[in-house]
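Visitor: I should like a close look at a single part of this model, namely the packing of its helices. Please set out how the helices meet, and then place that in the setting of the other elements.

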Amino acid sequence: MNLETPLTEKKVKKLKAGDRVYLSGYVYTARDQAHQRLYNLIKNKKKLPIDLKDAVIYYTGPAPAKPGQIIGACGPTTSYRMDKFTPILLKNGLKGLIGKGPRSEKVKKSIKENNAVYFAATGGAAALLSKTIIESKVIAYPELNTEAIRLLKVNKFPLVVINDSYGNDLYEKGQKKYNELR
Amino acid sequence: MRIIDKEIITKEIAEAVQTANFSLSEDLYERFNQALKQEKSKLGKDVLKELIKNAQIAEDEKIPICQDTGIVVIFVEIGEDVFIEGDLNEAINYGIKIGYNEGYLRKSVVEDPFDRDNTGDNTPAVIYTERVPGNKLNFKVLIKGAGSENMSKIKMFNPTATKDEIIEFIINTVKKAGANACPPYILGIGIGGTFEKAAMLSKKALVSDKTKNDQVIKFEQKILKEVNKTGIGPGGLGGTVTALDIKVLTYPCHIASLPVAVNINCHASRHISITI
């Protein structure tokens, strides 16, 4: 299905684990160092450089753009490294997370409590994914280079819903279905 | 004595790191297509199709297959009749610097594990050198992403441990990696030697040709079969293809030990061999 940002609660509630979603609109990029900084700002009650309300964060550190390119290869990085910082961001209005790999129990609980959603993009499909990015601008922490916060405009960015707002988990469900070991 | 100028090494490495980042090997294309036939899950098939399309875009446009263009690991075999004019490590690292800049590849190496300031040119590489007979110079260049590297494991078994116990450890390592390390995987497995030797073998296995040892081949096949029963599948979304290949390297070891290392590689398995 097609989905557009901002990601309001109403839109989130329509998503179920296992849904194929093509996302259009705006997403922020942030990974390890940017998460640490956002987390510290919230803890210290300081103003954030981005508006988290109904926003989507994509865990990625793109390759440099070649001349004439909007962005370099841009696939998801592993999400669990952001687990420590995620619940507080969700509490502050963030609705969508994009990465790869399972989340901690704390994050899954927080996704459900805050009516949010966790999507996976295909890990290692970075060249393909970069083709759906139509604008890219660094909006915070340029000194972090690839780890800076960017605002991306995406057009039909291909995703799968992993954790929906009802507490379902596609990784668990999907892997269990094909597990022949027990 | 054959004299090889360090500039030739630099030029070859600069080219190799780009090729390895842009081009999926023929062998892997074949494995992807094979996996597409074997895979039973619809979402799993979708992932495999995306990966094939991704590799074609990367190849056509000379952009990296993955944004994590890795830390470079190089196994060098230096022929005993070869004399390298200049410093080998310097020549390799200079080649990486040129290649990563020319190819617009991401620089993912930090100078100090604590301060974490980026070196800005993706150097230094991790380099292993070995003397071999002959007058050739061979480089096995591996582009290693952190997503898969972080999920790798080593265990020191008792010498009386069975093959089944070793397989159980491998399965548990793969299960723990789950969707994190970009399945379907290629597993490098090092068995024997010492603590560090087993780890090194597991890495070397990823860039080595398939073994010709019948016992090892059988063991690899058994591991592959078991790993594909985990249900992890392409992208970890659930499915019947969790690994594309298993490569085992062994080495003699102490009567009291049996080290086993599992180095996980993602589906792109970016590596290249060059001989000068």
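**Helix packing in chain B**

Guide: In this predicted model, H6(B) passes H8(B) in a right-handed crossing. H6(B) covers residues 163-177 of chain B and H8(B) covers residues 214-227 of chain B; their axes come within 10 Å and cross at roughly 45°. Angles under 35 degrees count as roughly parallel and those from 65 to 115 as roughly perpendicular, the rest between them being oblique; H6(B) and H8(B) are therefore oblique to each other. On the H6(B) side, the residues in contact are B:Lys163, B:Ile167, B:Ile170, B:Ile171 and B:Val174, and they meet B:Phe219, B:Lys222, B:Ile223, B:Glu226 and B:Val227 in H8(B). Sorted by class, this contact holds seven nonpolar and three charged residues, with no polar ones.

A second pair in chain B can be described in the same terms. Two packed helices are described by the angle between their axes and the distance between the axes. For helix H1 (residues 6-22) of chain B and helix H4 (residues 88-102) of chain B, the angle is about 40° and the axes are 7 Å apart. That angle makes H1(B) oblique to H4(B). The crossing of H1(B) with H4(B) is right-handed. The contributors from H1(B) include B:Ile9, B:Ile13, B:Ala14 and B:Val17, while those from H4(B) include B:Leu88, B:Ile92, B:Ile96 and B:Tyr100. By class, the contact of H1(B) with H4(B) comprises 11 nonpolar, four polar and five charged residues.

Chain B also touches chain A. The contact draws 39 residues from chain B and 38 residues from chain A. On the chain B side, helix H3 (residues 42-61) gives the most, with eight residues. The side of chain B that touches chain A has 17 nonpolar, 17 polar and five charged residues.

In chain A, strand pairing completes the setting. Strand S7 (residues 149-163) of chain A runs antiparallel to strand S2 (residues 20-29) of chain A, and nine bridges join them; within this pairing, A:Arg20 stands opposite A:Val160 in S7(A). Strand S6 (residues 133-140) of chain A pairs with S7(A) over six bridges, again in the antiparallel sense, and A:Ser136 stands opposite A:Leu152 in S7(A). Strand S5 (residues 117-120) of chain A is likewise antiparallel to S7(A), over three bridges, with A:Val161 in S7(A) as the bridge partner of A:Phe119.

Notes
Residues numbered from 1 in each chain as written. Chains lettered and ligands numbered in written order. Predicted model: local features only at pLDDT ≥ 70, side-chain atom pairs only at ≥ 80, totals over all residues. Axes fitted to C-alpha atoms, helices over the stretch in contact; angles between N-to-C directions. Helix = DSSP H or I, 4+ residues; strand = E, 2+ residues; numbered from the N terminus. Parallel < 35°, antiparallel > 145°, perpendicular 65-115°, else oblique. Left-handed = near helix turned anticlockwise from the far one by under 90°. Contact = placed C-beta atoms within 7 Å. Nonpolar A, V, L, I, M, F, W, Y, C, P; charged D, E, K, R; others polar. Pairing = 2+ DSSP bridges.
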